[in-house]
Amino acid sequence: MVSPVKVFGHPMSTNVARVLVCLEEVGAEYELVTVDFLAGEHNVSDHVARNPFGKIPALQDGDLILFESRAIAKYILRKYKSSEVDLLRESDIEAAAMVDVWTEVEAQQYYPALSPVVFECIIFPIVRRTATDQKAVDESLEKLKKVLEVYEARLSKHRYLCGDFFSFADLNHFPFTFYFMATPYASVFDAYPRVKAWWQCLISRPSIKKVSASMPTKF
């Protein structure tokens, strides 16, 4: 019997959620080994041996150990690719290029604009016990609105970011957007109806429903 892959991390972590939702999409068997970052377990020697930067998640598949959530996610999607689930589209060079483009857009444009709001409103008050920096939030919201204008234009022409097929590029937006929608600024998306409809489509997926059930938004 083949042992399931192991994911080391905490289900409320956005980076862990990125990995788990990919595992759910492909229907792979896996084991989540909890690493409590609030208790500092990510810095213990056993975990640092898996991820030398002391971050979560890490993945173990037999003798293979990986870290960095986007790299882990791509490994999962490649290993378990099927005719039904092909979220990287690597057999089609043009489609794969679009997946790469919008995956980069998420990492280089969307995430930097949206994540500070999540950090200031949800994460820092818990981890650092600090008050929300409203100036940082306001600046990020202005950046986010400009990014969402681009997304609105894109989604006015296509059902999903890369075209008319659902891909890793779409899925990659789930973890931080989920938490953003739990901040007082979720209504920002109301001004972008195509983006909001795309988001509603994402969160209706069974994989996201299952993973987000372990992502609390109130503490």
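What is the volume of the largest cavity in this structure? Keep that question in mind as you open the model, which is predicted, and note before selecting anything that the structure holds two cavities of 30 Å³ or more. The largest cavity has a volume of about 40 Å³, and the tour begins there.

**First stop: the largest cavity**

Select Arg-18, Glu-106, Tyr-110, Tyr-111, Leu-114, Asn-172, His-173, Phe-176 and Thr-177, and show their side chains, since these are the residues that line the largest cavity. Two elements, α4 (93-127) and α7 (174-180), each give two or more residues to this lining, and it is helpful to colour them before you go on. The largest share comes from α4, which gives four residues to the lining of the largest cavity. If you then colour the lining by class, you will find four nonpolar, three polar and two charged residues around the largest cavity.

**Second stop: the second largest cavity**

Now clear the selection and pick Lys-74, Leu-88, Glu-90, Ala-96, Val-99 and Asp-100, the residues that line the second largest cavity, whose volume is about 30 Å³. Which element gives the largest share of this lining? Keep α4 coloured, because the definition of elements as numbered runs lets you follow it by name, and you will see that α4 gives the largest share here, with three residues. Colouring by class once more, you will find that the lining of the second largest cavity divides into three nonpolar, no polar and three charged residues.

**Last view**

Finally, show both linings with α4 in view: α4 gives the largest share to the lining of the largest cavity, and the largest share to the lining of the second largest cavity as well.

Definitions and conventions: Residues are numbered from 1 along each chain as its sequence is written. This is a predicted model: local features need pLDDT of at least 70, side-chain atom pairs count only at pLDDT 80 or more; totals for chains, interfaces and linings use all residues. Side-chain values use heavy atoms; hydrogens and water are left out. On a 1 Å grid over the protein atoms alone, a cavity is a set of points where a 1.4 Å probe fits but cannot get out, and a pocket is an open set with protein on both sides within 12 Å along at least five of seven lines; lining residues have an atom within 4 Å of a point. Grid points are joined across faces, edges and corners, and a volume is the space filled by probe spheres set on the points. Ala, Val, Leu, Ile, Met, Phe, Trp, Tyr, Cys and Pro count as nonpolar, Asp, Glu, Lys and Arg as charged, and the others, Gly among them, as polar.
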